[in-house]
Amino acid sequence: MNIMSTLTIKNLHVTLEAKPILNGINLILPQGKTHVIMGPNGSGKSTLGNTILRHPSCKIARGTIAFGKNKLSSMKTDEIARAGVLLALQHPQAVSGVSVTNLLTIAIRKFSVKRKDFKMAHFRNDIKETAKALHIQDEFLSRSLNDGFSGGEKKKMEILQLSLLPAKCVIIDEIDSGLDIDALKLVAKQITKLRARGVSIIIITHYNRILRWIKADRVHILHKGKIIKSGTQALAKDIEKNGYSDYI
Ligand SMILES: Nc1ncnc2c1ncn2[C@@H]1O[C@H](COP(=O)(O)OP(=O)(O)O)[C@@H](O)[C@H]1O
Ligand SMILES: [Mg+2]
């Protein structure tokens, strides 16, 4: 990774349909670090991820989001993705008539326009290899994306995409829900590879479970749209054992 970029969120206030959801989020994620965001249902975790990618229904009322010199809070979603900031959705949508291979080959062209050493044949091979590592069968690579896929298959597709695009910072929203333990291990392995590549990672999760296989640098608890506590990985363990009630 030749460009070091810190994700900096300053005093972020966000509304959804005029309802305040995020109420002053401050977060600094240095390049290459892994942060975890935990919190009860409805605390605003997905809203935070969606806002970083500028989902149109998340209105920024105050504050800024920057990634290195890119001011994400005034950029469009496709520009943010091209800056290397990607989101794995909690609820991936089905895209009829578009396979993951179609999607990835179109996306990689947008990323690699200036790269002379880029070879589509190599990239197609990378898709197959990464799918194999995730135990995704070949037929899923040519079927309409997420159309009739199980919860676990959709989540694997999200990780497949993050693994193959030149990401610098990824937000992974509840990848662990809907995955059985074997699938979770495979997904955690891919996330660890991203980390080893120097990608910055935000893992949004309910459970400490995934952190058995992924090392986190920092854990934050989100409640009612605010980070109410930050700590080490021990904080996630404590929450698994005792719940959120000690903190909220
Ligand atoms: N489109 C919407 N309009 C209004 N409120 C919404 C909308 N989507 C989600 N919310 C509300 O925003 C809050 C935060 O939701 P979300 O970010 O999905 O929480 P989490 O991911 O932490 O479970 C919840 O109270 C939810 O009901
Ligand atoms: Mg959510």
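Modeller: Contact here means heavy atoms within 4.5 Å, and do keep in mind that this is a predicted model.

Colleague: Thanks! Leaving aside neighbours within four places in sequence, which residues is Ile191 in contact with?

Modeller: Ile159, Ile172, Ile175, Ile201, Ile203, Ile210 and Ile214. Each of them has heavy atoms within 4.5 Å of Ile191, so each counts as a contact.

Colleague: What makes the set of residues that includes Ile191 a nonpolar core?

Modeller: A core needs buried nonpolar residues joined through side-chain atoms within 4.5 Å. The largest core has 50 residues, and Leu160, Val170, Ile172, Ile191 and Ile210 touch the most other members. Helix α7 (residues 181-196) provides the largest share of this core, seven residues. Another core, of 26 residues, lies apart from it and includes Ile65, Phe67, Ala83 and Cys169.

Colleague: Now to the ligand. Why is the pair between Thr47 and ligand 1 called a polar contact?

Modeller: The cut-off for a pair of N or O atoms is 3.5 Å. An N or O atom in the Thr47 side chain is 2.5 Å from an oxygen atom of ligand 1, so the pair qualifies. Backbone atoms qualify too: a polar one of Ser43 is 3.2 Å from a ligand 1 oxygen, and an N or O atom of Gly42 is 2.8 Å from one.

Colleague: How much of ligand 1 does the protein cover?

Modeller: The protein covers 65% of the 570 Å² of accessible area that ligand 1 has on its own.

Colleague: And which element gives the most to the shell around ligand 1?

Modeller: That is α1, with three residues. By type, the shell divides into three nonpolar, six polar and three charged residues.

Key:
Residues numbered from 1 in each chain as written. Chains lettered and ligands numbered in written order. Predicted model: local features only at pLDDT ≥ 70, side-chain atom pairs only at ≥ 80, totals over all residues. Heavy atoms only, no water. Polar contact = N/O pair within 3.5 Å; in protein donor to acceptor, adjacent residues only side chain to side chain. Areas by Shrake-Rupley, 256 points an atom, 1.4 Å probe, with all protein chains shown as cover. Helix = DSSP H or I, 4+ residues; strand = E, 2+ residues; numbered from the N terminus. Nonpolar A, V, L, I, M, F, W, Y, C, P; charged D, E, K, R; others polar. Buried < 20%, exposed > 50% of the residue type's maximum accessible area, 1.4 Å probe, protein only.
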